[in-house]
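Here are my notes after a first pass through this one, in numbered points. Have the viewer open while you read.

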Amino acid sequence: MAMPPRKALMMSAPSAGRPSGLPRHALWRSAAALVLATLVALPFAVLYRAAVSPSLGASWRWQTSLPSAVSSEEEEGDDLDTEDLKLERVLKKASMGDNTVMLTTLNAAWASPGSVIDLFIDSFHSGVRTSLLLKHLVIVAFDWNAYEQCVKIHSYCFALGTEGVDFSEEKRFLTSGYLEMMWRRPDFLRLVLEKGYNFIFSDADIMWFRNPFPHFYPDVDFQIACDHYVGNATDLRNIANGGFSYVKSNERNIEFYSFWYSSRLRYPGYHDQDVFNAIKHDPYIVGIGLTIKFLSTKYFGGFCEPSRDLNEVCSLHYAC
Ligand SMILES: *[C@@H]1O[C@H](CO)[C@@H](O)[C@H](O)[C@H]1NC(C)=O
């Protein structure tokens, strides 16, 4: 397999000298995400509520008719079902007409009342034409605490098998357990693709201001948000942010997600986003015919490159 371009890895991993240690920036990013979640999210919630207030009436009306956690209760009642069946059932229920679901992942550290997941859900209610998207959202819980919190606040929750590994504790979030948790993401998403569902994946520390569909590219296999956008959607010099993506279910993507997941073995100590930014140059991707486009930070911003126009922005990742 071709070696990754040196530049990409250097850029994403300043601590490359340590063979299997967690990259320093990953620690920083985790810590920063937690701190920012607390310090920054609240003012932003207020800010964008102000920005989109005309839609408030409609979205709150809709919220009162949100079905209570019926599907999740059914889920719990069926302990004998395999995890695979439970996943298929919840995806089917949440799916849009064209077999598209929205997905986010949750662990206990982000699940407590008033924390990241509440702000995430709240942003759908306050955003412009986003509240209806909630009935297509499946929250994938990495541990039982997160699952139990999820069913209190949302209709579609799925507990991803946690045998032998506990992803619930915050301390693990800053250790090698953090990497294990991050790598479950591409592994799980490949499974969703194999089951025939397209997905929009969004980290829970993203705020949704507007419906993103008008800003997706038609006929592209894999679209992903950016930490740094160079102004050209197909240029591989865009630095991807794994926190937001729109991916079609097809053979090319299934192949790509398998390749991405297995690439973790070639880059020990790096998380899925860093490895994506390395393997995006791999000739293998051209070989399988995968089409990739990067989403402009004008519409899908982050704290690395916040969108300048609150009248346009669809989402804001309050981490970088
Ligand atoms: C955008 O990037 C692609 C790939 O690098 C390149 O082929 C194309 O010419 C670029 N387009 C513009 C308008 O610069």
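1. A word on labels before we start: helices here are DSSP runs of H or I with at least four residues, and they are numbered from the N terminus. By that rule, Ser258 falls in helix H11, which covers residues 251–262. Bear in mind as you go that this is a predicted model.

2. Staying with Ser258: is it buried or exposed, or in between? Its relative accessible area is 29%, and because buried means under 20% and exposed means over 50%, Ser258 counts as partly exposed. If you want a landmark from elsewhere in the chain, try Pro186: the C-alpha atoms of Pro186 and Ser258 are separated by 8.2 Å, with the two residues 72 apart along the chain.

3. Now the seven-stranded sheet. It is open, its pairing is mixed, and the strand order reads S3-S2-S1-S4-S7-S6-S8. Which strands stand at the edges? They are S3 (157–159) and S8 (292–294); each has a single partner strand, so one side of each has no neighbour in the sheet. Ignoring direction, neighbouring strands are turned by 30° against each other on average.

4. Two helices to look at against this sheet are H6 and H8. Helix H6 (residues 83–94) packs on the sheet and touches S1, S2 (137–141) and S3, with its direction at about 165° to that of S3. Helix H8 also lies across S1, S2 and S3, and it runs at about 165° to S3.

5. Next, strand S4 (residues 198–202). Five of its five residues are buried, so the strand is largely enclosed by the rest of the structure. Asn198, Ile200 and Ser202 point one way, while Phe199 and Phe201 point the other way, and all of them are buried.

6. What does S4 pair with? On one hand there is S1 (residues 100–106), which runs parallel to S4 and is joined to it by four bridges. On the other there is S7 (residues 239–247), paired with S4 in the antiparallel sense, again over four bridges. Phe201 is a handy residue to click on here: Leu103 stands opposite Phe201, and in S7 the bridge partner of Phe201 is Ser245. Ile200, for its part, stands opposite Tyr246 in S7.

7. Ile117 deserves a look too. This residue lies in helix H7 (residues 116–126). Its relative accessible area is 0%, so Ile117 is buried. What does Ile117 touch, leaving out residues up to four places away in sequence? The answer is Leu106, Trp110, Ala111, Ile139, Ile153 and Ala204. For Ala204, the C-alpha separation from Ile117 is 5.9 Å, although the two residues are 87 apart along the chain.

8. Back to H8 (residues 144–153) for Gln149, which is found in that helix. Gln149 has a relative accessible area of 12%, so this residue is buried. Setting aside neighbours within four places in sequence, Gln149 is in contact with Ala111 and Pro113. Ala111 also appears among the contacts of Ile117.

9. Another enclosed element is helix H12 (residues 272–279). How many of its eight residues are buried? Eight of the eight are, so H12 is largely enclosed by the rest of the structure. The buried residues of H12 include Asp272, Gln273, Asp274 and Asn277, along with Val275, Phe276, Ala278 and Ile279.

10. There is a three-stranded sheet as well, open and mixed, in the order S5-S10-S9. S5 (206–208) and S9 (300–302) stand at its edges with a single partner strand each, so one side of each is left without a neighbour in the sheet. The twist averages 20° from one strand to the next. S9 pairs with S10 (residues 315–317) in the parallel sense over three bridges, and the bridge partner of Gly302 in S10 is His317.

11. Last, the ligand. Which residues surround it? They are Asn232, Thr234 and Asp235. One oxygen-containing pair to check is at Asn232, where a ligand oxygen atom is 2.4 Å from an N or O atom in the side chain. For Thr234, the corresponding distance from a ligand oxygen atom to a side-chain N or O atom is 3.5 Å. Taken alone, the ligand exposes 370 Å², and the protein buries 26% of that.

Definitions and conventions
Residues are numbered from 1 along each chain as its sequence is written. This is a predicted model: local features need pLDDT of at least 70, side-chain atom pairs count only at pLDDT 80 or more; totals for chains, interfaces and linings use all residues. Side-chain values use heavy atoms; hydrogens and water are left out. Two strands pair if DSSP finds at least two bridges between them. Axes are lines fitted to C-alpha atoms, for helices over the stretch in contact, and angles run from 0 to 180 degrees between N-to-C directions. Buried means under 20% relative accessible area, exposed over 50%, partly exposed in between (1.4 Å probe, protein chains only). Contact means heavy atoms within 4.5 Å. A residue is near a molecule or strand if one of its heavy atoms lies within 4 Å of it. A polar contact is a pair of N or O atoms within 3.5 Å; within protein, one must be able to donate a hydrogen and the other to accept it, and residues adjacent in sequence count only if both atoms are side-chain atoms. Accessible areas come from the Shrake-Rupley method with a 1.4 Å probe; for residues, only the protein chains shown count as cover.
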